[in-house]
Amino acid sequence: MPARRILTTESGAPVADNQNSQTAGPDGPVLLQDQHLIEKLAQFNRERIPERIVHARGSGAHGHFEVTVDVSRWTRARFLSEVGKTTEVFVRFSTVAGSRGAPEAVRDPRGFAVKFYTEDGNYDLTGNDTPIFFIRDPLKFPDFIHSQKPDPYTNRQEPDNVWDFFSLSPEATHMFTWLFGDRGIPASYRHMNGYGSHTFQWVNAAGEQFFVKYHFKTDQGIECLTTDEAARLAGENPESHTVDLMTAIDRGEFPSWTLRVQVMPAADAASYHVNPFDLTRVWPHSDYPLIEIGKMVLDRNPDNYFAEVEQAAFDPGHFVPGIGPSPDKMLQGRLFAYGDAHRYRLGINHTQLPINRPHATEADNYGRDGSMRFDAHYGREKNYEPNSFGGPAESGEPLYGSLAGGPSGTYAWDQHDGDDFSQAGALYRLMPEEAKARLVDNIASGLAQVSKDDIVERSIANFRHADPDYGARIEVAIKAHRR
Ligand code: NDP
């Protein structure tokens with residue numbers, strides 16, 4: 001038998017006895033000094049983190065995405081830049097309304113969230129198994145979910161609430177027609193399509209904008225359950241989707257999806273007969289046909305559910321250069337809501353967890369501290385930007401185009417009118433001589449303590465631009481302070 005590893009406490013000390021807690025004599029009360037017992041119970045009490053308010057019940061798998069068709073004329077996203085290029089992915093599938101322990105064979109949309117670990121950072125395509133949604137405005141989302149979740153009095157999903165909200169929200173008619181149709185209960189996560197659902201923006205190397213919709217078509221074929229089949233399965237095997245996905249991958253039957261897109265030149269959007277940014281509507285295929293662009297294969301189960309699935313955090317705001325948001329209001333709302341949910345559930349540093357951090361590049365910025373910062377944390381590096389000590393600097397390259405200012409526009413408007421100095425100079429000049437002298441001395445005493453000459457020179461130059469006399473006097477005063 002191989003040598004067993006020694007059991008330790010959380011601080012690494014060997015545990016002598018994991019069967020008997022310490023007591024005051026053979027029949028005495030348990031001792032407060034039993035650090036191992038107290039730590040073990042405390043750890044256990046804290047095993048649960050807040051459940052996702054939607055999409056609580058889920059399964060995940062690792063895999064890869066391979067580009068099969070050249071799409072460089074529509075997007076400069078590097079992970080899509082050439083045929084044959086592969087990118088690591090992690091996918092989380094989920095039901096929506098049920099709690100973490102709820103049965104999976106139910107009539108409910110399915111979450112279909114894909115994290116592409118690209119060389120330009122993680123790209124999260126956080127979609128569903130439906131190309132549409134119940135509502136078109138994020139302001140209605142909390143109310144909609146309340147109508148689907150347990151009632152405040154009965155603590156169960158109430159048909160009154162579900163149908164009341166529907167009856168007052170005509171925009172949900174398309175989604176209800178889908179949901180109560182044959183595809184409303186997928187047989188498994190493998191046998192359903194995935195959709196980005198929202199309209200997104202692609203930008204090519206020339207800065208031209210396109211709007212796109214993503215369709216992951218299952219290569220396993222669509223398979224669904226009838227209402228009766230689902231009711232039986234939900235009782236007999238509540239984890240039917242979880243088991244199906246895991247055992248298929250364990251058997252070497254790796255599920256795959258063909259990714260197709262619909263592409264709309266940005267100029268078409270204004271005159272299209274459907275509002276292209278309304279999440280309750282599709283773009284009919286006859287207007288914008290599906291174009292195959294790649295294949296996604298899932299070939300590895302997570303080793304640890306909590307680490308890799310429960311802590312997985314997908315964020316529709318995680319774009320890469322060449323891909324961006326559209327004015328779809330639901331998408332715009334989700335750009336805030338997902339990151340906010342993760343910061344609540346997992347904490348501000350959840351982006352460092354192995355499942356969430358970039359895999360094909362590294363995050364490099366000036367975000368610091370916060371709860372549970374557990375990396376080397378940039379050591380002694382400066383924690384502000386701009387700085388003259390090195391460290392990461394902005395690329396200057398627009399990530400995607402503006403939707404407000406035209407195709408070549410930008411949202412990052414610089415409000416600078418070209419004058420940083422004239423009013424500082426006017427303030428200096430209105431001061432009486434004694435006040436000028438105090439001002440100059442206060443600044444000079446600070447700058448005299450700076451160890452790097454270039455910092456001092458740049459600072460003096462700013463004051464000189466405000467008023468030559470102001471800068472000259474500071475320069476002289478610094479020398480006097482250093483003597
Ligand atoms: P098409 O005839 O070109 O496409 C019909 C689509 O409906 C196909 O994608 C088909 O999927 C899908 N479908 C078939 N049966 C069902 C079902 N029971 N529940 C949900 N989807 C089903 O028509 P249009 O593009 O003009 O769209 C017509 C309607 O089809 C839309 O209003 C929408 O409800 C639905 N649809 C449209 C999609 C789109 O992006 N245009 C995407 C999916 C559905 P498959 O090819 O896999 O059989």
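In the predicted model, strands S1 and S2 pair in the antiparallel sense, and nine bridges connect them. Within this pairing, His 62 is placed opposite Phe 90 of S2. Strand S1, which spans residues 58–67, is also joined to strand S9 (residues 291–300) by six bridges, and this pair likewise runs antiparallel. Here Phe 65 stands opposite Met 296 in S9. Strand S1 is mostly covered, since eight of its 10 residues are buried. In a regular strand, side chains point alternately to one face of the sheet and to the other.

The interior was examined next. The largest nonpolar core comprises 37 residues, and those with the most contacts inside it are Trp 202 and Tyr 214. When neighbours within four places in sequence are left aside, the residues in contact with Tyr 214 include Tyr 123 and Leu 125, as well as Gly 194, Tyr 195, Gly 196 and Ser 197. Phe 200 and Trp 202 are also in contact with Tyr 214, as are Leu 259, Arg 260, Val 261 and Ile 323. Another core lies apart from the largest one and has 17 residues, among them Phe 133, Phe 144, Phe 165 and Met 330.

Open and enclosed spaces were then considered. The second largest pocket has a volume of about 1,000 Å³. Its lining consists of 45 residues, of which Ile 53, Val 54, His 55, Phe 141 and Tyr 338 are the closest to the centre of the pocket. The elements that give two or more residues to this lining are the strands S2 (86–95), S3 (110–118) and S4 (121–128), together with the helices H2 (141–148) and H8 (329–345). Helix H8 gives the most to the lining, with 11 residues. By residue type, the lining of the second largest pocket divides into 25 nonpolar, 12 polar and eight charged residues. Strand S2 thus appears both among the elements of this lining and as a partner of S1.

As for enclosed space, the structure holds one cavity of 30 Å³ or more. The largest cavity has a volume of about 60 Å³. The residues that line the largest cavity are Asp 129, Trp 178, Arg 183, Pro 186, His 191, Met 192, Asn 193, Tyr 195, Ile 222 and Cys 224. Six of the lining residues of the largest cavity are nonpolar, two are polar and two are charged. Tyr 195 belongs to the lining of the largest cavity and is also in contact with Tyr 214.

Note on methods. Residues are numbered from 1 along each chain as its sequence is written. This is a predicted model: local features need pLDDT of at least 70, side-chain atom pairs count only at pLDDT 80 or more; totals for chains, interfaces and linings use all residues. Side-chain values use heavy atoms; hydrogens and water are left out. On a 1 Å grid over the protein atoms alone, a cavity is a set of points where a 1.4 Å probe fits but cannot get out, and a pocket is an open set with protein on both sides within 12 Å along at least five of seven lines; lining residues have an atom within 4 Å of a point. Grid points are joined across faces, edges and corners, and a volume is the space filled by probe spheres set on the points. Helices (H or I, at least four residues) and strands (E, at least two) are DSSP runs, numbered from the N terminus. Ala, Val, Leu, Ile, Met, Phe, Trp, Tyr, Cys and Pro count as nonpolar, Asp, Glu, Lys and Arg as charged, and the others, Gly among them, as polar. A nonpolar core is a set of buried Ala, Val, Leu, Ile, Met, Phe, Trp, Tyr and Cys residues joined through side-chain atoms within 4.5 Å. Buried means under 20% relative accessible area, exposed over 50%, partly exposed in between (1.4 Å probe, protein chains only). Contact means heavy atoms within 4.5 Å. Two strands pair if DSSP finds at least two bridges between them.
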